[in-house]
Amino acid sequence: MGEAWTPVSLAEARGLYTMTPKRCPACHGQVIVAGSYTGTGRLKLQHRRAHTGCPLRPQGYVGTPSPHPQALT
Ligand SMILES: [Zn+2]
């Protein structure tokens, strides 16, 4: 059995998987979880490399989903 990708919440990704590579559930590009350290701010996915074909990235999304050019597999 190989390594599987596990869907986690942003809070889990932030707290439990800080050092683990994370990928976007939509385009599979590498992402980081951005947010405040105090836990009061909103957490959000941030793509390591901008990608215009990701519906989870409202700024710059071109309207048609496409896989990230540097998708993690
Ligand atoms: Zn994405």
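Here are some numbered notes to help you find your way around this structure.

1. Ground rules. You are looking at a predicted model, where local features need pLDDT of at least 70, side-chain atom pairs count only at pLDDT 80 or more, and totals for chains, interfaces and linings use all residues. Residues are numbered from 1 along each chain as its sequence is written, and side-chain values use heavy atoms, with hydrogens and water left out.

2. The overall picture. The chain has one helix and three strands, where helices (H or I, at least four residues) and strands (E, at least two) are DSSP runs numbered from the N terminus. Reading from the N terminus, the elements go α-β-β-β. Along the principal axes, the C-alpha atoms fill a box of roughly 35 × 35 × 15 Å. Of the 73 residues, 19% count as buried; buried means under 20% relative accessible area, exposed means over 50%, and partly exposed is in between, using a 1.4 Å probe and protein chains only.

3. The sheet. What is the strand order in the open sheet? It is S1-S2-S3, with antiparallel pairing, and two strands pair if DSSP finds at least two bridges between them. S1 and S3 are the edge strands, each pairing on one side only. Two bridges join S1 to S2, and lysine 22 has valine 31 in S2 as its bridge partner. S2 and S3 pair over four bridges; here alanine 34 is matched with lysine 44 in S3. As background, strands of a sheet pair through backbone hydrogen bonds, either parallel or antiparallel.

4. The zinc site. Which residues hold the zinc ion as protein donors? They are Cys24 (SG), Cys27 (SG), His47 (NE2) and Cys54 (SG), lying 2.0 to 2.3 Å from the ion. Donors are N, O and S atoms within 2.8 Å of the metal (3.2 Å for Na, K and Ca), and water is not among the atoms, so sites may look incomplete. The site is tetrahedral, with angles of 106 to 116 degrees among its four donor atoms; four donors count as tetrahedral if all angles lie between 85 and 135 degrees. For reference, the ideal angle for four tetrahedral donors is 109.5 degrees.

5. How the zinc donors sit in the chain. Their spacing in sequence is C-x2-C-x19-H-x6-C. Cysteine 27, in the loop between strand S1 (22-23) and strand S2 (30-34), and histidine 47, in strand S3 (residues 44-47), are 20 residues apart, and the pair links distant parts of the chain. Cysteine 27 counts as buried because its relative accessibility is 2%. Histidine 47 is also counted as buried, at 12%.

6. The S1-S2 hairpin. Six residues lie between the two strands of this hairpin. Have a look at histidine 28 in that loop: its phi is near 70 degrees, a positive value in a residue other than glycine. Is histidine 28 buried or partly exposed? With a relative accessible area of 30%, it is partly exposed.

7. A nonpolar patch. Val8, Leu16 and Tyr17 make a nonpolar surface patch of about 260 Å². Patches are made of residues with over 30% relative accessible area and no salt bridge, with like charges joined within 9 Å and nonpolar side chains (Val, Leu, Ile, Met, Phe, Trp, Tyr) within 5 Å. A salt bridge is a side-chain nitrogen of Lys or Arg within 4 Å of a carboxyl oxygen of Asp or Glu, and accessible areas come from the Shrake-Rupley method with a 1.4 Å probe, where for residues only the protein chains shown count as cover. Leucine 16 is in the loop between helix H1 (10-15) and S1, and its relative accessible area of 62% makes it exposed.

8. Two contacts across the sequence. Glutamine 30 lies in strand S2 and is partly exposed, at 25% relative accessible area. Glutamine 30 and leucine 72 are 42 residues apart in sequence, yet 6.5 Å apart in space, C-alpha to C-alpha. Further along, glycine 63 is in the segment after S3 and counts as partly exposed, at 48% relative accessibility. The C-alpha atoms of glycine 63 and glycine 53 are 7.1 Å apart, with the two residues ten apart along the chain.

Terms used: Four donors count as tetrahedral if all angles lie between 85 and 135 degrees; four count as square planar and six as octahedral if opposite donors are over 155 degrees apart and all others between 65 and 115; anything else is irregular.
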